[in-house]
Structures are given as C-alpha cells and as structure tokens.
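Thanks for coming, everyone. Please look at the chain on the screen while I walk you through it.

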Amino acid sequence: MPACGQLRPMLQDGMETHPLMQYASRPGHSLAKVAADARVSRMTLYRLMKGEQNATIELLARVSAATGGTVPIEAFLPPPAPSSEQAA
C-alpha cells in the first residue's frame with residue numbers, strides 16, 4: 001500500500017470516485033488483492049484509473065473479473081466525445 005503522502009495526490013485528482021477505488025474501499029477488498037488477482041501491479045491500476053495507460057481488452061477483463069464483475073470494463077474507457085450536430 002502506498003504511503004499516505006503518495007496516495008493523497010491521486011485522491012485529490014478525483015480517483016476516490018472511480019468505481020475501482022470505491023470497490024477497493026469496501027471491507028474485505030483492496031487494490032492489492034485486485035492487482036494480485038488480475039496479475040498486474042497496483043501502479044498499473046492507478047494508471048488505468050487516471051487514464052494514463054492504454055490497456056488491452058484482455059487486461060481490462062482480468063481487472064473486471066478480479067472484482068467479480070462489480071467494476072465493468074467500461075469504467076476504464078474514456079467518456080464518449082460529445083456529438084457535434086450541425087443545425088439543419
């Protein structure tokens with residue numbers, strides 16, 4: 001687990017609202033366990049949550065499976081771009 005000084009900047013970036021962070025904050029769950037079950041590092045999970053790392057569907061599927069499907073693959077995808085409809 002990162003030291004408080006290391007985690008605090010990430011939480012200030014709004015990560016506490018990410019579905020994976022919410023999942024990991026539940027009793028009996030942790031990012032370390034998700035990382036181990038998904039066979040990735042905790043740093044990879046942090047980068048995925050912040051949108052700083054591209055991932056394969058296979059990796060995202062492993063992370064989702066490590067949460068029992070509670071955190072869907074879509075939680076790691078960027079939001080859709082707003083459509084630019086032109087006036088008719």
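**A walk through the helices**

Let me start with contacts that reach along the chain. Take the contacts between residues at least 6 apart in sequence: 48% of them join residues at least 24 apart. Please keep in mind that this is a predicted model.

Now the overall layout. The chain has 5 helices and 0 strands. From the N terminus on, the order reads α-α-α-α-α. There are 88 residues in the chain, and 32% of them count as buried. The accessible surface comes to about 5,900 Å². Carbon and sulfur atoms hold 55% of that surface.

Next, a pair of helices. Two packed helices are described by the angle between their axes and the distance between the axes. Here is our pair. Helix 4 covers residues 42–50, and helix 5 covers residues 57–66. They pack at an angle of about 105 degrees. Their axes are 12 Å apart. That angle makes helix 4 roughly perpendicular to helix 5.

Which residues of helix 4 and helix 5 meet? On the helix 4 side, look for T44, L45 and L48. On the helix 5 side, look for L59, L60 and V63. The residues of this contact divide into 5 nonpolar, 1 polar and no charged.

Stay with helix 4 for a moment. Its buried residues include T44, L45 and L48, and also Y46 and M49. Just after helix 4 comes G51. G51 takes a positive phi of about 75 degrees.

Over to helix 5. Buried there are L59, L60, R62, V63, S64 and A66. What do the buried residues of helix 5 pack against? They pack against helix 2, helix 3 and helix 4. On the sequence, helix 2 is 19–24 and helix 3 is 31–38. Just after helix 5 sits G68, again with a positive phi, of about 70 degrees.

Let me pick out one residue of helix 5, and that is R62. Is R62 buried or exposed? Its relative accessibility is 19%, and buried means under 20%. So R62 counts as buried. Leave aside its neighbours within four places in sequence. R62 is then in contact with A38, R39 and V40.

R62 also has a charged partner. Side chains of opposite charge can pair when their charged atoms come close. R62 forms a salt bridge with E58. The closest N and O atoms of that pair are 3.1 Å apart. Both residues lie in helix 5, 4 residues apart, about one turn of the helix. An α-helix has 3.6 residues a turn, so residues three or four places apart point the same way.

How many salt bridges does the structure hold? It holds 3. You have just seen R62 with E58. Another joins K33 and D37, with the closest N and O atoms 2.8 Å apart. K33 and D37 are 4 residues apart in helix 3, and are therefore separated by about one helical turn. K33 counts as partly exposed, at 46% relative accessibility. D37 also counts as partly exposed, at 38%.

There is also the pair E52 and K50. Their side chains meet in a salt bridge at 3.6 Å, N to O. E52 is exposed, with a relative accessible area of 53%. K50 is partly exposed, with a relative accessible area of 32%.

One more residue, and then I'll stop. Find A35 in helix 3. At 3% relative accessibility, A35 counts as buried. What does A35 touch, not counting residues up to four places away in sequence? The answer is V40, S41, R42 and L45. You have met L45 already, in the contact of helix 4 with helix 5. V40 came up too, in contact with R62.

Where is A35 relative to R62? In sequence, A35 and R62 are 27 residues apart. In space, they are 9.4 Å apart, C-alpha to C-alpha.

To recap. Helix 4 is roughly perpendicular to helix 5. Buried residues of helix 5 pack against helix 2, helix 3 and helix 4. R62, in helix 5, is buried and forms a salt bridge with E58.

Conventions
Residues are numbered from 1 along each chain as its sequence is written. This is a predicted model: local features need pLDDT of at least 70, side-chain atom pairs count only at pLDDT 80 or more; totals for chains, interfaces and linings use all residues. Side-chain values use heavy atoms; hydrogens and water are left out. Helices (H or I, at least four residues) and strands (E, at least two) are DSSP runs, numbered from the N terminus. Buried means under 20% relative accessible area, exposed over 50%, partly exposed in between (1.4 Å probe, protein chains only). Contact means heavy atoms within 4.5 Å. Accessible areas come from the Shrake-Rupley method with a 1.4 Å probe; for residues, only the protein chains shown count as cover. Axes are lines fitted to C-alpha atoms, for helices over the stretch in contact, and angles run from 0 to 180 degrees between N-to-C directions. Angles under 35 degrees count as roughly parallel, over 145 as roughly antiparallel, 65 to 115 as roughly perpendicular and the rest as oblique. Ala, Val, Leu, Ile, Met, Phe, Trp, Tyr, Cys and Pro count as nonpolar, Asp, Glu, Lys and Arg as charged, and the others, Gly among them, as polar. A salt bridge is a side-chain nitrogen of Lys or Arg within 4 Å of a carboxyl oxygen of Asp or Glu.
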